[in-house]
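Thanks, everyone. I will go through one structure, starting with a pocket and then moving to some aromatic side chains. Please keep the sequence and the model in view.

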Amino acid sequence: MPVSITLIGGPTALIEIDGFRLLTDPTFDAPGAYQLPHVKLEKTIGPAVRPDAIGPVDAVLLSHDQHSDNLDNSGREYLFKVKRVLTTEAGAKRLGGHVEGLAPWSAAHLRDDDGNTLTITATPARHGPAGIEPLSGDVIGFVVSSSRKDTRPVYISGDTTWFDGVAEVARRFKCGVVLPFAGAAQTRGPFHLTMDTNDTIETARAFPDAMIVPVHTEGWAHFRQNSEDLRKTFDVLGFGTRLRLLEPGVPTVIEAP
């Protein structure tokens with residue numbers, strides 16, 4: 001079955017799969033400057049869809065809670081309005097309430113009234129180069145697998161660069177749709193904290209049967225690359241037919257190539 005994805009802005013996307021509705025890293029604040037403990041971030045584009053216009057969701061998939069470009073003030077308020085929130089174990093302790101923490105390779109399940117099930121498996125993520133963990137904190141991605149045999153898994157990378165953990169996801173899951181968190185985010189040093197064009201191509205090679213649908217490419221000043229950079233790279237290397245760029249606010253049906 002095809003998957004529908006609506007890009008709301010930055011890392012925030014609504015994923016509709018087999019009757020379930022999932023929201024990634026909720027960010028709804030207006031453009032402006034946001035001070036973190038060690039760096040100031042500038043948001044340049046507001047959300048394409050306001051939270052009250054999204055409608056009910058079955059779960060929020062939150063890759064991590066410590067950076068305002070993945071969870072801002074409005075996003076934190078939104079968490080209390082949804083049934084379930086899945087994030088890192090450390091993030092669940094910080095956020096409290098009904099937030100559930102997952103370690104990499106552990107899973108949670110969603111069920112509907114007809115007995116259909118989504119299995120959401122947490123996946124490894126590394127928010128920058130090796131050794132970044134004490135600075136960036138814990139991050140996870142997610143694989144969403146449906147009990148319906150005609151629906152292939154969807155992989156949401158979370159804030160990560162290409163590393164062995166992403167390669168292991170590709171070995172374990174034959175995904176039909178992959179959402180890499182790209183944009184080559186750069187804040188404190190001359191290194192990237194999310195996937196750049198090279199990382200995204202590596203991811204496409206690792207998932208040879210998947211449509212690549214990047215998010216986290218626009219909306220913040222510390223993103224060093226954008227969707228047009230990805231388009232040019234994929235076209236030059238012959239992967240262009242496997243890249244699907246989303247228009248913000250527009251529900252888009254994605255089918256595996």
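Strand β1, residues 3–9, gives the most to the lining of the second largest pocket, with three residues. This is a predicted model, so the usual confidence cut-off applies: local features need pLDDT of at least 70. The volume of this second largest pocket is about 180 Å³. It has 16 lining residues, and the closest to its centre are G9, G10, I45, G46 and E218. By type, the lining of the second largest pocket holds seven nonpolar, seven polar and two charged residues.

Next, the aromatic pairs. How many does the structure hold? There are four aromatic pairs. I will take one of them, Y34 with W220. The ring centres are 5.8 Å apart and the planes make an angle of 55°, so Y34 and W220 form a tilted pair. Tilted, here, is what remains between under 30 degrees for stacked and over 60 for edge-to-face.

Where do the two rings sit in the chain? Y34 is in strand β4, residues 32–35, while W220 is in the loop between β14 (211–212) and α6 (227–236). They are 186 residues apart, and the pair links distant parts of the chain.

Are these two residues buried or exposed? The cut-off for buried is under 20% relative accessible area. Y34 has 17% relative accessibility, so Y34 counts as buried. W220 has a relative accessible area of 5%, so W220 is buried as well.

Another tryptophan has a charge over its ring. R172 lies over the face of W105, at 3.7 Å from the ring centre.

That leaves W162. It is found in the loop between β12 (154–156) and α4 (164–172). With a relative accessible area of 25%, W162 is partly exposed. Apart from neighbours within four places in sequence, W162 is in contact with R126, A167, M195, D199, E202, T203 and A206. For a sense of distance, W162 and V253 are 91 residues apart in sequence, and their C-alpha atoms are 26 Å apart in space.

One of those contacts, A167, takes us into helix α4. Which residues of α4 are buried? They are G165, V166, A167, V169 and A170. And what do the buried residues of α4 pack against? They pack against three strands, β10 (117–124), β11 (140–146) and β12, and against α5 (197–206).

That is where I will stop. I can take questions now.

Definitions and conventions. Residues are numbered from 1 along each chain as its sequence is written. This is a predicted model: local features need pLDDT of at least 70, side-chain atom pairs count only at pLDDT 80 or more; totals for chains, interfaces and linings use all residues. Side-chain values use heavy atoms; hydrogens and water are left out. On a 1 Å grid over the protein atoms alone, a cavity is a set of points where a 1.4 Å probe fits but cannot get out, and a pocket is an open set with protein on both sides within 12 Å along at least five of seven lines; lining residues have an atom within 4 Å of a point. Grid points are joined across faces, edges and corners, and a volume is the space filled by probe spheres set on the points. Helices (H or I, at least four residues) and strands (E, at least two) are DSSP runs, numbered from the N terminus. Ala, Val, Leu, Ile, Met, Phe, Trp, Tyr, Cys and Pro count as nonpolar, Asp, Glu, Lys and Arg as charged, and the others, Gly among them, as polar. Rings of Phe, Tyr and Trp (its six-membered ring) pair if their centres lie within 6.5 Å; planes under 30 degrees apart count as stacked, over 60 as edge-to-face and the rest as tilted. Buried means under 20% relative accessible area, exposed over 50%, partly exposed in between (1.4 Å probe, protein chains only). A charge sits over a ring if NZ of Lys or CZ of Arg is within 6 Å of the ring centre and within 35 degrees of the ring normal. Contact means heavy atoms within 4.5 Å.
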